Amino acid sequence: MTPFFDGHNDLLLKMTLRGVTAEDVRDGHGKGQIDLPRARAGGLGGGFFALFVPTPGAPGLNMAAMRQESYDLPLPPEVDQPTAMAGVREGITHFNRLAELGVITPCTTAAQVEEALHGPTLAAVLHMEGAEAIGPDLAELDELYAAGLRSIGPVWSRSTIFGHGVPFRFPSTSDIGPGLTEAGKALVRDCNRRRIMIDLSHLNMKGLEDVAAISDAPLVATHSNAWVVTPSARCLTDDELRIIAATGGVVGINYGTCFLRPDGRFISDCPVDYLLRHLDHLLSIMGEDGVAFGSDFDGAILPNWMKDVSGLAPLRDALVAHGIGEALMEKLLWRNWMRVLRETLGGVAGRRMDRVRG
Ligand code: ZN
């Protein structure tokens with residue numbers, strides 16, 4: 001069975017917030033959307049595991065508001081660096097425990113991912129969603145890189161010293177506010193040098209354009225959908241998709257229903273046809289080499305037919321029924337991610353060299 005490599009999950013956050021242990025994840029539990037038995041049932045081979053630190057004391061997102069016809073949720077206050085670093089270290093502890101128990105294989109190169117993807121554990125690339133744990137001189141990158149971090153989103157939706165994200169607003173474009181700060185531009189350059197991937201998913205439009213102007217790696221939005229289908233601030237307009245496509249980049253389709261449903265409502269009633277509309281539109285702009293999946297497992301309300309990671313099995317069936325052939329299926333499920341990982345994490349030249357090669 002062709003495995004899925006997935007652009008984004010929040011399992012590590014779920015472990016912190018809900019007291020899910022690594023043993024629970026290994027043996028199966030009912031508290032979230034991912035554990036190893038259900039991942040096996042769905043055919044998940046691996047993915048990016050996100051470190052994320054909620055704003056202390058702030059309420060979670062107002063899900064009830066997101067069931068309305070339109071919404072604009074206030075973003076939580078910014079998180080200070082020491083608090084963020086403490087939260088990130090807790091997430092890394094979970095990550096390492098999952099590795100000790102044989103649930104995941106931590107991967108820092110594309111070759112490691114490709115090997116683990118077809119094995120008994122989940123191939124896991126460590127990602128950080130929002131760079132609050134990093135100070136303006138970027139000194140913390142040394143510790144994080146040593147811990148295996150190979151992907152960073154400069155912002156989650158709340159602002160950081162590096163830039164500004166998109167709010168949970170519907171309908172809205174992502175053309176909201178200024179782009180990267182000088183510290184944000186330095187962060188992108190440093191990540192390029194270290195071969196850490198930059199994730200555009202929560203950045204606003206000007207931030208995306210700033211990364212595009214600086215980065216020499218393929219551009220990536222790990223868990224974002226098409227704005228033409230769902231006009232949410234978190235989705236990518238055709239202009240943004242073309243910028244990403246021009247670099248040989250990848251967009252991972254998010255299964256969160258507020259980004260799948262054309263009306264942006266965060267309810268589980270969400271026919272697979274909505275997902276296929278996003279897929280078809282993304283393919284029309286990004287091409288067959290530029291589309292993948294980025295579930296948002298443990299961070300989203302999923303369609304009722306999917307329910308949790310085991311629902312990757314019916315998704316695979318729906319893709320076959322939609323006429324996706326074997327070669328394209330492999331690209332969508334894992335080969336496109338693999339190419340970007342090879343070009344970004346190392347082993348082969350980045351996108352500038354690819355352009356030279358044509
Ligand atoms: Zn996210």
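Here is a friendly conversation about a predicted model of a protein with a zinc ion.

Visitor: Which protein residues are the donors of the zinc ion?
Guide: Let's start at the metal. Along the chain, the donors follow the spacing E-x72-H-x20-H, so we look for one E and two H residues. They lie 2.1 Å from the zinc ion, within the 2.8 Å cut-off for a donor. The donors are E129 (OE), H202 (NE2) and H223 (NE2).

Visitor: How many residues apart in sequence are the parts that E129 and H223 tie together?
Guide: E129 lies in strand β5 (residues 122-129). H223 is in the loop between β9 (220-221) and α9 (238-246). The pair therefore ties together parts of the chain whose separation in sequence is 94 residues.

Visitor: Is E129 buried or exposed?
Guide: A residue counts as buried when its relative accessible area is under 20%. H223 falls in that class, and E129 does too. So the word for E129 is buried.

Visitor: Which helix gives the largest share of the largest nonpolar core?
Guide: This core has 104 residues, and M128, I134, I152, Y255 and F293 touch the most other members. The largest share comes from a single helix, with 10 residues. That helix spans residues 326-345 and is α13.

Visitor: What does M128 touch, leaving out residues up to four places away in sequence?
Guide: M128 is one of the core residues that touch the most other members. Its contacts include I134 and I152, which are also in that group. The full list is L51, V88, A133, I134, L144, L149, S151, I152 and G153.

Visitor: How many residues are in the other core, the one that lies apart?
Guide: Apart from the largest core lies another one. Among its members are F168, C235, F259 and F266. Its residue count is 14.

Visitor: With which side chain does D308 make a polar contact of 2.5 Å?
Guide: D308 lies in the loop between β11 (291-293) and α12 (312-321), and it is buried, with a relative accessible area of 5%. Its side chain makes a polar contact with the side chain of R38 at 3.0 Å. R38 is also among the residues that D308 touches, together with Q33, F297 and L302. The polar contact of 2.5 Å is with the side chain of S310.

Visitor: What is the bridge partner of D6 in β2?
Guide: Strand β1 covers residues 4-9, and six of its six residues are buried. Four bridges join β1 to strand β2 (residues 44-51), and the two run parallel. In β2, the partner of D6 is G47.

Visitor: Which backbone nitrogen does the side chain of N9 reach?
Guide: N9 is found in strand β1 and is buried, with a relative accessible area of 3%. Leaving out residues up to four places away in sequence, N9 touches I34, F48, F49, A50, S295 and F297. At 2.9 Å, its side chain reaches the backbone nitrogen of L11.

Visitor: What separates the C-alpha atoms of V166 and I104 in space?
Guide: V166 sits in the loop between β6 (149-153) and β7 (169-170), where it is buried, with a relative accessible area of 1%. Its contacts beyond four places in sequence include H202, which is one of the zinc donors. Along the chain, V166 and I104 are 62 residues apart. Their C-alpha atoms are separated by 31 Å.

Terms used: Residues numbered from 1 in each chain as written. Predicted model: local features only at pLDDT ≥ 70, side-chain atom pairs only at ≥ 80, totals over all residues. Heavy atoms only, no water. Donors = N, O, S within 2.8 Å, 3.2 Å for Na, K, Ca; no water. Buried < 20%, exposed > 50% of the residue type's maximum accessible area, 1.4 Å probe, protein only. Core = buried A, V, L, I, M, F, W, Y, C linked by side-chain atoms within 4.5 Å. Contact = heavy atoms within 4.5 Å. Polar contact = N/O pair within 3.5 Å; in protein donor to acceptor, adjacent residues only side chain to side chain. Pairing = 2+ DSSP bridges.
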